[in-house]
Amino acid sequence: MTSVSVNIFPSALDSLRRTATRHSPDETGGVMAGTRSCRDGALEFNILGVLGVADFEDFKDIYTASPTEFVCTDRLGWATLALRVVKTYGMSYIGDWHSHPNSSLTTLSTRDIHHLAQQYMLGQFDPYPPLHVLLNWWLSGEDFRISAHIMLGEFIAVLEPRIIG
Ligand SMILES: [Zn+2]
């Protein structure tokens, strides 16, 4: 692999921002749909649609959320949410996202990394690596940042998604 890039549609970014701030000060998260390709060693992700788990009454028992933690407590439930994003957007499930409200933390916590490493080891997105998007911002929401984390086995690539479309 020679390069990795992540693109996001403005509508998907808006949706992430709205969902994350609506559930603030608690962390929240969800699933992403889109496309992936690997040509001449260049790995590319396109995030085209997202869903937030907290926006669905029927998924309220599959996670716990606090201002400092977001944890999926039901893997099967999360898989059902992933199916929902596939049906909604007619595209592949490419990864998960979560938020760090009122935080300057642009890096994944130990627990977040464990989650990503587990997806990698299970080959959940084979032949592609798992993608995880993190949103963080300060109180006013002005310093809103988005970072993409891709587990590549030995290390995690971290980059800022490019807005396209
Ligand atoms: Zn986190």
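This is a dialogue on how to read some features of a predicted model.

Colleague: Where do I start: how many helices and strands does the chain have?

Modeller: Start by counting the elements and noting their order. The chain has 3 helices and 10 strands. Read from the N terminus, they come as β-α-β-β-β-β-α-β-α-β-β-β-β. The radius of gyration is 15 Å, close to the 15 Å of the globule rule for 165 residues, so the chain is as compact as a globular protein of that length. The C-alpha trace spans about 45 × 35 × 30 Å along its principal axes.

Colleague: What share of the residues counts as buried?

Modeller: Of the 165 residues, 33% count as buried. Contacts can also be sorted by separation in sequence. Among those between residues at least 6 apart, 66% join residues at least 24 apart.

Colleague: Now the sheet. In what order do its strands lie?

Modeller: Order in a sheet is read across it, from one edge to the other. Here 8 strands form an open sheet in the order S9-S8-S7-S6-S2-S3-S1-S10, and the pairing is mixed. The edges are S9 (156-159) and S10 (162-163), each of which pairs on one side only.

Colleague: In which sense do S1 and S3 pair?

Modeller: S1 and S3 are parallel, with 6 bridges between them. For one bridge, take Val-6, whose partner in S3 is Phe-45.

Colleague: What packs on the sheet?

Modeller: Helix H1 does, touching S1, S2, S3, S6, S7, S8 (145-151) and S10. The direction of H1 makes about 50° with that of S3. Helix H2 (residues 75-89) lies across S2, S3 and S6, and runs at about 100° to S3.

Colleague: How do I read a single helix, such as H1? Which of its residues are buried?

Modeller: Check the length, then the two sides. H1 covers residues 10-22, and its 13 residues reach 18 Å from first C-alpha to last, close to the 18 Å expected. Its buried residues are Ala-12, Leu-16, Thr-19 and Ala-20. Seen down the axis of H1, these fall within an arc of 95°, so they line one face of the helix.

Colleague: What do those buried residues pack against, and what is on the face turned away?

Modeller: The buried residues of H1 pack against S1 (3-8), S2 (29-39), S3 (42-52), S6 (92-100) and S7 (131-136). The face turned away from them carries the exposed residues Pro-10, Ser-11, Asp-14, Arg-18 and Arg-22.

Colleague: Can we do one residue in detail? Take Glu-44: is it buried, partly exposed or exposed?

Modeller: Count the C-beta neighbours. A residue needs 20 or more within 10 Å to be buried, and 12 or fewer to be exposed. Glu-44 has 14, so it counts as partly exposed. Glu-44 lies in strand S3. Leaving out residues up to four places away in sequence, Glu-44 touches Ser-5, Arg-36 and Ser-37. Leu-16 is 28 residues from Glu-44 in sequence and 20 Å from it in space, C-alpha to C-alpha.

Colleague: What should I look for in the backbone?

Modeller: Look for departures from the usual case. Most residues other than glycine have a negative phi, and most peptide bonds are trans.

Colleague: Which peptide bond leading to Pro-25 is cis?

Modeller: The bond from Ser-24 to Pro-25 is cis, with omega near 10°. Pro-25 sits in the loop between H1 and S2. The bond from Asp-126 to Pro-127 is also cis, with omega near 5°. Pro-127 belongs to the loop between H3 (110-122) and S7.

Colleague: And phi: what value does Asp-40 have?

Modeller: Asp-40 has a positive phi of about 50°, although it is not a glycine. Asp-40 is in the loop between S2 and S3. With 6 other C-beta atoms within 10 Å, Asp-40 is exposed. Asn-102, likewise not a glycine, has a positive phi near 50°. Its place is in the loop between S6 and H3. With 17 C-beta neighbours inside 10 Å, Asn-102 counts as partly exposed.

Colleague: What comes just after H3?

Modeller: Gly-123 follows H3 and takes a positive phi of about 65°. As for the length of H3, its 13 residues should span 18 Å, and its end C-alpha atoms are 18 Å apart, which agrees.

Notes: Residues numbered from 1 in each chain as written. Predicted model: local features only at pLDDT ≥ 70, side-chain atom pairs only at ≥ 80, totals over all residues. Helix = DSSP H or I, 4+ residues; strand = E, 2+ residues; numbered from the N terminus. Rg over C-alpha atoms; globule rule 2.2 N^0.38 Å. Contact = placed C-beta atoms within 7 Å. Expected span 1.5 Å × (residues − 1). Arc of directions from axis to C-beta. Pairing = 2+ DSSP bridges. Axes fitted to C-alpha atoms, helices over the stretch in contact; angles between N-to-C directions.
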